[in-house]
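The exercises below are meant to be worked through with the sequence and the coordinates at hand. Each task is followed by a solution that proceeds step by step.

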Amino acid sequence: MRAASISARILFALAALGAAEVCASAQTVYPIVLERDQKVIGSGRIQNIQMLSINPGGFFFALVFTDYPVSTENLALVLNGYLTLPEDATVSLPDGTSAQVENFLSLDSNKTGYLGMILDLRGTNVTNKTDTGVFWNTQILAREGDTVLATHVNGTALDASSTYVSFDQAHINSANQILVTGVIQDPSFGTAAQTETALWLYDTDSAGSVVSETILLMRGKPFPGTTETVNFAGSGGHPNSSALSESGDWMTVARIGSSTSSDAVVVHNGNILAREGSPAPDPTGANRVWMDLYSSKVATNSLGDTMYTGLMAGGGLNAALVVNGEPFMLEGGTFPSISPSVIANFGAAPPIFITDSGDVFWSGNTTAAVNEQYYFRNQEVIIREGGPVGNDTVRSLWAAEYAFDVSSNGRFFLGKVTVDSGGDALFLADFGALVPTPGCSGNPGTLKRAGGEAQIDQSFTLEMDNAQGVGVTPLIVWSLDGSDVNECGTDTKRGELLISLLQQNVVASTFGPTYMGSPVQMTFDIPNDPALVDLKVYGQGAFLDMGGATSTPVQLTNGFSVEVGM
C-alpha cells in the first residue's frame, strides 16, 4: 500500500452524491513545456525534438538536438527541460572499460523515473559489432556480441553460444522489467543472423542488475502452445509493434507458420488475438477477414486490456482500431467531436495506448479539407492541427513513432507539435486518473467507473454492483492509503481489503441508495481548487446487510484510486 502525501483537510467533497453532472467545458488550451530555442543548461538551444517519454508522476524526458558548437555533443536527453544525459557521456562496459554515448535509438521511462534505453556507443573499446547496448539508466544490460543469458525458448533449447546481433526497441515498467526487440545469432541456424528476430524480457533488481532473461518469441523456434514456427518476432523495429504493461503483460506482432496469407498475428502474453485470414470484428456485417496485421500497432495495460490496429480485406474502408476484441473505430467512422468529418486513417507511425484507467489514446487523420490531423483521448479531441496550444497555434502534428506518450495511469499526455511561430514544441495535458485496483484475491462485488473525470471543477461517477442480495446498503470508504493497480491488499474473513482503515487515513464514507438488483451509481464533485491537484485517494466499496436478509453481512468490491488533475 502507498500513502498519499497530502492532508485530509483539503479532500474534495466526496460526500456530495446524486444528481451532479459532469461539467461541460470548452476546448482546453494545454501549456507548452518544451520548445525550439529553449536553452538547455549544459548544452545549447533546442533545434528540434526527437523522442519523448512521460511517467505517472508527470516527469518527462525528451531527446533534443541543440546548437551546441561541438558536433559530437549536440544531442541531449533532458528531464523536464534539464540536462540529464548528454551525447558523449561516458558509460561503463561489463569488461571494466568504458565508451561514450553516440546516439539514442529507443527511450522509455517508468513511474520511478528510471529509463529503459537502447544506445549507440563510440570509443576505442567498441567496434561496429559491439557498439549498441540495452541500458537501465546508464547501466548496460547487454551489448552486441555478448552471449545470450537465456538457455531456452518456450521449452526448446537455445545454443549456448548464441549472441546478440542488434537491438531495436526497449520498453520498461515499474517492476524494472525491460522488454526488448532485436536480433539473436543462434549458430544452429547457420549464417542468416539478420533474420533471427526475437522478443525477450529482462527482469532486473532495484539497482538495474539482470536477474533473469526470458526469450518470449524467436525466429525458428516454436510459437507457444502450437506446432507452428515463428518466422519473425516484432515488426521491423517499429517501437509501437510491441508493448509492456506495469503488470508485466506484453504484446507484439509476429509472423508464424508457412502460409503468407495467414502468417501475421497479434499476440498478447503468448496468446493469438488476431490472425491474417481469420474473421475481423467487422460491424458492417460484411464478415470480412484480416488482410494485414504485420503493420499493426499494439498496446496493453495492467488489467489485461488490449488495443491494436489492422487492415481488413475487401478494399474500401478497411482500417480498424480494435479494443478488447471489439471495433473501437473504423476508417470512415465519425463521432460528435469531429463531425461532419470522418476518420480517413490512423497514421502509420504514431503510437496507440490503452492505460490502466481504461482510456484509449490514438491519432487520426480526417477527411476535412484543412486541419485534418488530431490526437484523441477516447472519442474526444486532445489537440488538432490549427488549434490553440500555449500562446501559439498548431501548424501540424508529428506523424512519427514518438509523436506522443501517455503515462501508464492515463493521467498525463505529452505530445509533439509544430507551432506557427516556428519549430517543435511539447505540450502537456493532465486528465487526472481514475484507476480500478483489482487486488489479488478477487472480491465478488464490483466498483466501476461510469463516467466523468478526476479533474478540478469536474465530476466523476462510480458504479457498484454484484451485491450479495437485494435490500443491502452500498458504501464507499475513502482513505489516503491503499493498494495500487498491481498490488495485493490484506486478506480478511470478509474478503481482500484494499484500503487502510486506520483512523488517520480514512477521510470519508459515502452511502448510496439501497441496492435493488441493478447497479448503484454515486457521483462526486471536485471543487475548482488548484490545491487539490495531485491529491490521491483510495476507495473501496462494501455492500452492508444490516437487516440480516442474507448470509453475508459484508461483501467487498475491488478498489479504486483517484488522482486529481488539472
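A residue is called buried when its relative accessible area is under 20%, exposed when that area is over 50%, and partly exposed in between. The model treated here is a predicted one, and the exercises therefore begin with its confidence, since where pLDDT is low, the predicted coordinates should not be read in detail.

**Exercise 1. Confidence**

Task: Establish what the mean pLDDT of the protein is, and find which element has the lowest mean pLDDT and which the highest.

Solution: Begin with the protein as a whole, for which the mean pLDDT is 90, with 93% of the residues reaching 70 or more. Next, go through the elements: strand β1, made of residues 2-3, has the lowest mean pLDDT, at 33, whereas β29 has the highest, at 98. Then turn to the stretches of low confidence, where residues 1-10 stay under 50 and have 28 contacts beyond four places in sequence in the model. Residues 13-26 are likewise below 50, and this stretch has 26 contacts beyond near neighbours in sequence.

**Exercise 2. The disulfide**

Task: Find which cysteines are joined by a disulfide, and determine whether the bond is left-handed or right-handed.

Solution: The search uses a cut-off of 2.5 Å between cysteine sulfur atoms, and by this rule there is one disulfide. The bond joins Cys440 to Cys488, with a distance of 1.8 Å from S to S. Now take the torsion about the S-S bond of Cys440 and Cys488, which is about -85°, so the disulfide is left-handed. The pair links distant parts of the chain, 48 residues apart: Cys440 is in the loop between β38 (433-437) and β39 (446-452), and Cys488 is in the loop between β42 (481-482) and β43 (490-492). Finally, apply the accessibility classes to the two partners: Cys440 has a relative accessibility of 47% and therefore counts as partly exposed, and Cys488, at 44%, also counts as partly exposed.

**Exercise 3. Enclosed space**

Task: Determine how many cavities of 30 Å³ or more the model has, and describe what lines the largest cavity and the second largest cavity.

Solution: The count comes to two cavities of 30 Å³ or more. The largest cavity holds about 560 Å³ of space, and its lining is made up of 39 residues, of which Asp108, His171, Leu244, Phe353 and Asp405 lie nearest its centre. Sorted by class, this lining has 18 nonpolar, 16 polar and five charged residues. To see where the lining comes from, look at the strands that each supply at least two residues, among them β3 (46-54), β8 (98-109), β14 (163-172) and β35 (404-406). The second largest cavity holds about 30 Å³, and its lining includes Ser357, Asp359, Arg377, Arg449 and Glu453. By class, the lining of this second largest cavity has four nonpolar, two polar and four charged residues.

**Exercise 4. Two loop residues**

Task: Decide whether Tyr30 and Asp282 are buried or exposed, and list which residues each is in contact with beyond four places in sequence.

Solution: Start with Tyr30, which is placed in the loop between β1 and β2 (32-35). Its relative accessibility is 10%, so Tyr30 counts as buried. Leaving aside neighbours within four places in sequence, Tyr30 is in contact with Ile382, Val389, Gly390, Phe427, Leu428, Ala429 and Phe431. Asp282, for its part, lies in the loop between β22 (271-275) and β23 (290-292), and its relative accessible area of 13% means that it is buried. With the same neighbours set aside, Asp282 is in contact with Asn287, Arg288 and Met312. From C-alpha to C-alpha, Asp282 and Met312 are 8.4 Å apart in space, although 30 residues apart in sequence.

**Exercise 5. Backbone geometry**

Task: Locate the cis peptide bond between Ser339 and Pro340, and state where Asn80 and Asp88, which have positive phi values, are found.

Solution: The bond joining Ser339 and Pro340 is cis, with omega about 10°, and Pro340 is found in the loop between β27 (326-330) and β28 (343-345). Asn80 has a phi near 50° and is found in the loop between β5 (75-79) and β6 (82-86). The phi of Asp88 is about 80°, and Asp88 lies in the loop between β6 and β7 (90-92). As for accessibility, Asn80 is partly exposed at 30%, and Asp88 is partly exposed at 28%.

Conventions:
Residues are numbered from 1 along each chain as its sequence is written. This is a predicted model: local features need pLDDT of at least 70, side-chain atom pairs count only at pLDDT 80 or more; totals for chains, interfaces and linings use all residues. Side-chain values use heavy atoms; hydrogens and water are left out. On a 1 Å grid over the protein atoms alone, a cavity is a set of points where a 1.4 Å probe fits but cannot get out, and a pocket is an open set with protein on both sides within 12 Å along at least five of seven lines; lining residues have an atom within 4 Å of a point. Grid points are joined across faces, edges and corners, and a volume is the space filled by probe spheres set on the points. Helices (H or I, at least four residues) and strands (E, at least two) are DSSP runs, numbered from the N terminus. Ala, Val, Leu, Ile, Met, Phe, Trp, Tyr, Cys and Pro count as nonpolar, Asp, Glu, Lys and Arg as charged, and the others, Gly among them, as polar. Buried means under 20% relative accessible area, exposed over 50%, partly exposed in between (1.4 Å probe, protein chains only). pLDDT is the predictor's confidence in each residue, from 0 to 100. Contact means heavy atoms within 4.5 Å.
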